[in-house]
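Here are my notes on this one, point by point. Have it open while you read, and shout if you see something else.

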Amino acid sequence: MIKVTAIETGKARMKTAQRTGRDDRGAIGRKLDIFRDRDWVEPLPILCFLIEHPEGRFLVDTGDTWRNSVPGYLPGWNPFYKQVSIKVAPHEEIGPRLLAMGIDPAEVGTVILTHFHHDHTGGLDHFPHSRIIGPRANFAVSTGVKGMMMGCLPQRWPVWLAPELVEMDGSALGPFPASHPITSDGRIVLVPTPGHAIGHVSVIVRADDATYFLAGDATYSQANLLAEKTDGVTNDPATALATLKAIKRFAASEPTVLLPAHDPEGPARLAGRETLL
Ligand SMILES: [Zn+2]
């Protein structure tokens, strides 16, 4: 029995130009568009997903932290942080959310990060006793000043953080050229979904009732995926578009429920087993 549960850990707001980039704009033009944009999207959920599997509990992404709103937490020299608004109350962090579900975070054996952006790593503090898995190719661009310029806060990571970095070294999986199995039965498996960030991965969960595609930020919404609209923060729009097409091809090959990290309609699709195609 494999079960996927969506857990909302606060809200994020972004500019409309971040949620959806203009097809005719390159990486730099898209960022200028975000700074110029005066329209904010509605508060979007910051979602984590708990997978219960015979081999244990797996958590995909850890959300952000209430400390994000403490003066000085975000680097003042990086103007991009003023283009995003994170609101997380202490009790909305992933640790308290799990406790409210009757689960001690220490009972989460494995945390999987789709990528190291701050709104996916902010809850890591709750998992000092867990195995932390992340994609090596994304970690490589997430540390130091480079990472700090690219939406990561490595200076805020727990001092004990030493993620188990994985490569996409397994066999091709449908339209994905490689994969990385997490469980011995292969029913939880990582696939490369680069574009939003270098080395970004998604998590495919083949449960008994459906296949779940935990997309992280490969797309911000099912609507954007279906319309093949890439986001405004990608440094590589062509790769981001290829990823969207691959996810669609995968979903055409088996009934798949799409679960991005910031899609307000994701939890309802999960509850209703509503497939993408
Ligand atoms: Zn991201």
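1. A definition before anything else: two strands pair if DSSP finds at least two bridges between them. That is the sense in which I talk about bridge partners below, for instance Val205 and its partner in S11, Tyr212. Also bear in mind that this is a predicted model.

2. Let's start with the sheet. Five strands make up an open sheet in the order S8-S9-S10-S11-S12, and the pairing is mixed. Strand S8 (180–181) and strand S12 (256–260) sit at the edges with a single partner strand each, so one side of each has no neighbour in the sheet. As a reminder, strands of a sheet pair through backbone hydrogen bonds, either parallel or antiparallel.

3. Both senses turn up around S11. Strand S10 (residues 201–206) and S11 run antiparallel and are joined by four bridges, with Val205 of S10 facing Tyr212 as its bridge partner in S11. The connection between S10 and S11 is a hairpin through four residues. On to the other pairing: strand S11 (residues 211–216) goes with S12 in the parallel sense, over five bridges. Two of the contacts there are Phe213 with its bridge partner Leu258 in S12, and Leu214 with its bridge partner Leu259 in S12.

4. How many residues of S11 are buried? Six of its six, so the strand is mostly covered under the cut-off of under 20% relative accessible area. Both faces are covered: Thr211, Phe213 and Ala215 are buried on one side, and Tyr212, Leu214 and Gly216 are buried on the other.

5. A word on the loop between S10 and S11, where Ala207 is found. Ala207 has a relative accessible area of 11%, so it counts as buried. If you want a yardstick across the model, the C-alpha atoms of Ala207 and Gly147 are separated by 35 Å, with their positions 60 residues apart along the chain.

6. Now the metal. Which residues coordinate the zinc ion? They are His115 through NE2, His117 through ND1, His196 through NE2 and Asp217 through OD, at 2.1 to 2.2 Å. In sequence the donor residues follow the spacing H-x1-H-x78-H-x20-D. His115 belongs to the loop between strand S5 (110–112) and H4, and Asp217 to the loop between S11 and H7, so this pair ties together parts that are 102 residues apart in sequence.

7. If you plan to parametrise the zinc site, look at the geometry yourself. The angles among the four donor atoms go from 91 to 172°, and the site is irregular. Tetrahedral would need all angles between 85 and 135 degrees. As for the surroundings, His115 is buried at 0% relative accessibility, and Asp217 is buried too, with a relative accessible area of 2%.

8. Next, the largest pocket, which holds about 690 Å³ of space. It is lined by 36 residues, and those closest to its centre are Phe80, His117, Met150, Gly151 and Val233. Note that His117 is also a zinc donor, through ND1. By type, the lining divides into 17 nonpolar, 13 polar and six charged residues.

9. Where does that lining come from? Strand S1 (3–14), helix H2 (27–36), strand S4 (84–87), helix H4 (118–121) and helix H6 (144–149) each supply at least two residues. S1 gives the largest share, three residues.

10. Finally, two backbone spots to check. Most residues other than glycine have a negative phi. Asp61, in the loop between strand S3 (56–60) and S4, is not a glycine and yet has a positive phi of about 70°. Glu228 is a further case, with a positive phi of about 55°, and is found in the loop between helix H7 (222–226) and helix H8 (237–253).

11. Are these two buried or exposed? Asp61 counts as buried, at 2% relative accessibility, whereas Glu228 counts as partly exposed, at 24%. For another distance, Glu228 and Pro71 are 38 Å apart in space, C-alpha to C-alpha, and 157 residues apart in sequence.

Key. Residues are numbered from 1 along each chain as its sequence is written. This is a predicted model: local features need pLDDT of at least 70, side-chain atom pairs count only at pLDDT 80 or more; totals for chains, interfaces and linings use all residues. Side-chain values use heavy atoms; hydrogens and water are left out. On a 1 Å grid over the protein atoms alone, a cavity is a set of points where a 1.4 Å probe fits but cannot get out, and a pocket is an open set with protein on both sides within 12 Å along at least five of seven lines; lining residues have an atom within 4 Å of a point. Grid points are joined across faces, edges and corners, and a volume is the space filled by probe spheres set on the points. Ala, Val, Leu, Ile, Met, Phe, Trp, Tyr, Cys and Pro count as nonpolar, Asp, Glu, Lys and Arg as charged, and the others, Gly among them, as polar. Buried means under 20% relative accessible area, exposed over 50%, partly exposed in between (1.4 Å probe, protein chains only). Donors are N, O and S atoms within 2.8 Å of the metal (3.2 Å for Na, K and Ca); water is not among the atoms, so sites may look incomplete. Four donors count as tetrahedral if all angles lie between 85 and 135 degrees; four count as square planar and six as octahedral if opposite donors are over 155 degrees apart and all others between 65 and 115; anything else is irregular.
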